Amino acid sequence: MLRALELAAQGPEANANPRVGCVLVADDGTVVAEGWHRGAGTPHAEAHALARAGARAGGTTAYVSLEPCNHTGRTRPCSEALYAAGVRRVVHGQSDPNPAAAGGAAWLRDRGVEVVGGVEAETAAALNRTWTHLMRTHRPWVTWKLATTLDGRSAAADGTSRWITGEAARADVHEQRARCGAILVGTGTALLDDPHLTARRPDGSLRETQPIRVVMGMRDLLPDARVLDDVAPTWHLRTRSPKEVLDALAAAEVHHVWLEGGPTVAAAFLADGLVDEVVAYVAPVLLGRGRQSVSDLGITTIADALRLAPTDITPIGTDVRITALLKEI
Ligand code: AOF
Ligand code: ZN
């Protein structure tokens, strides 16, 4: 199962589908074939492993990090494929939280295949944390990214903000953007900063997969705005409602949203309880008067402060990256 999880981790993180790995093992313990899922519209992990094994799949145990699917989605059910290939035993990790696809374990059991579930299930769910969150809550996982000075400013009084954090932290942001399905800002940020909102490598070149660029708000974008070029899809959603934006993204099977501000949009998401995680880059810089990273949250006394649960604190170059969850999960 640990090998299946290792294989799964090779899959694309920003994809609509979860990352899944599969290992077929013979009775004597030898590995017959392995497979992992490369993303929506392509064969599932089990299909890859079965194709490699051919006739040798008969009598094996399949270790799969996710319960085999039982539906015809973009591909045929893995439950049927495993059964047809003569696999005798299935050991799976996470039970499939997608109601449309779940049920493979029961289907196989009904046909006499021995099924053991829940092995390393938490590791598998953690590997697909944002996808699992979408399946359970029907809304994408939202990571709010902010870059701030030591005194909590995200821009100077005149609105300039390039750059607060150093090169290494900015490169890290691009890496993180590439792991998300969408990057979101408000029209205020789009008009003030004219960001490109792409995921780039340190040399400036575009990464292979680009998140959807989403700008929310009622104001028009400038016709020559950098987000309107053709290197990645861009949605301008004319709404101030975070819920509406997340519904639209959930309908597009986006499970991880990277929220980059500005202060009004960040406050709206926080006020609606729709931020799941914060990634803050804190730079050893002082600005004194300047713009804060988030607008009024209606908090007036320390007892009402939003207290987050840090999961990681890492120095990056001369800055520090703090990752924290809004709620215990
Ligand atoms: C598996 N093995 O490798 C994956 C599974 O549209 P489809 O056909 O690609 O189905 C997508 C759903 O199938 C996905 O939401 C999840 O429930 C399951 N993914 N299942 O048996 C795999 N990637
Ligand atoms: Zn499947």
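Two residues are in contact if their C-beta atoms, placed from the backbone, lie within 7 Å. Keep that in mind as we work through this predicted model.

**Exercise 1. Get a first overview of the protein chain.**

Step 1: Start with contacts. Taking those between residues at least 6 apart in sequence, 71% join residues at least 24 apart.

Step 2: Now the outline. The C-alpha trace spans about 70 × 45 × 35 Å along its principal axes.

Step 3: Look at the secondary structure, which comes to 10 helices and 15 strands.

Step 4: Finish with burial. The protein chain has 329 residues, and buried residues make up 40% of them.

**Exercise 2. Trace the five-stranded sheet and find the helix that packs on it.**

Step 1: Write down the strand order. It reads β2-β1-β3-β4-β5, in an open sheet with mixed pairing.

Step 2: Pick out the edges. Strands β2 (31-36) and β5 (114-116) each pair on one side only, so they are the edge strands.

Step 3: Check the twist, which averages 15° from one strand to the next.

Step 4: Add the helix. Helix α2, residues 45-53, packs on the sheet and touches β1 (21-25), β2 and β3 (61-66). The direction of α2 makes about 145° with that of β2.

Step 5: Zoom in on one pair of strands. Strand β4 (residues 89-94) and β5 run parallel, with three bridges joining them. Within this pair, Val91 of the chain stands opposite Val116 in β5.

**Exercise 3. Describe what surrounds ligand 1.**

Step 1: Find the residues that come nearest. Out of 18 around ligand 1, these are Val20, His44, Gly73, Asn98 and Ala101.

Step 2: Sort the shell by type. You get nine nonpolar residues, six polar ones and three charged ones.

**Exercise 4. Place the UniProt annotations on the model.**

Step 1: Begin with the domain. An unreviewed UniProt entry lists residues 1-105 as "domain: CMP/dCMP-type deaminase". In the model, that span is 24% helix and 22% strand, and its end C-alpha atoms lie 16 Å apart.

Step 2: Go on to the "binding site" feature. The unreviewed UniProt entry places it at Ser161, Arg177, Leu197, Arg200 and Glu260.

Step 3: Take Arg177, one of these positions. You'll find Arg177 in helix α7, residues 167-178. Is Arg177 buried or exposed? Arg177 has 21 C-beta neighbours inside 10 Å, so it counts as buried; the cut-off for that is 20 or more. Beyond its neighbours within four places in sequence, Arg177 is in contact with Ile183, Ala199, Pro211 and Trp258.

Step 4: Do the same for Leu197. This residue sits in the loop between α8 (187-193) and β9 (212-216). Leu197 is buried because 25 other C-beta atoms lie within 10 Å. Not counting residues up to four places away in sequence, Leu197 touches Ile183, Val185, Arg213 and Val227.

**Exercise 5. Show how Gly181 meets a residue from far along the sequence.**

Step 1: Locate Gly181 in the loop between α7 and β8 (182-186).

Step 2: Judge its burial. Gly181 has 25 C-beta neighbours inside 10 Å, so Gly181 counts as buried.

Step 3: Compare sequence with space. Gly181 and Ala14 are 167 residues apart in sequence, yet 5.0 Å apart in space, C-alpha to C-alpha.

Step 4: List the contacts. Leaving out residues up to four places away in sequence, Gly181 touches Ala14, Pro211, Ile212, Val254, His255, His256 and Val257.

Methods
Residues are numbered from 1 along each chain as its sequence is written. Chains are lettered from A and ligands numbered from 1 in the order in which they are written. This is a predicted model: local features need pLDDT of at least 70, side-chain atom pairs count only at pLDDT 80 or more; totals for chains, interfaces and linings use all residues. A residue is near a molecule or strand if its C-beta atom, placed from the backbone, lies within 6 Å of it. Ala, Val, Leu, Ile, Met, Phe, Trp, Tyr, Cys and Pro count as nonpolar, Asp, Glu, Lys and Arg as charged, and the others, Gly among them, as polar. Two strands pair if DSSP finds at least two bridges between them. Helices (H or I, at least four residues) and strands (E, at least two) are DSSP runs, numbered from the N terminus. Axes are lines fitted to C-alpha atoms, for helices over the stretch in contact, and angles run from 0 to 180 degrees between N-to-C directions. UniProt positions are given in the numbering used here, feature names are shortened, and annotations may be inferred rather than shown by experiment. A residue is buried if 20 or more other C-beta atoms lie within 10 Å of its own, exposed if 12 or fewer, and partly exposed in between; C-beta atoms are placed from the backbone.
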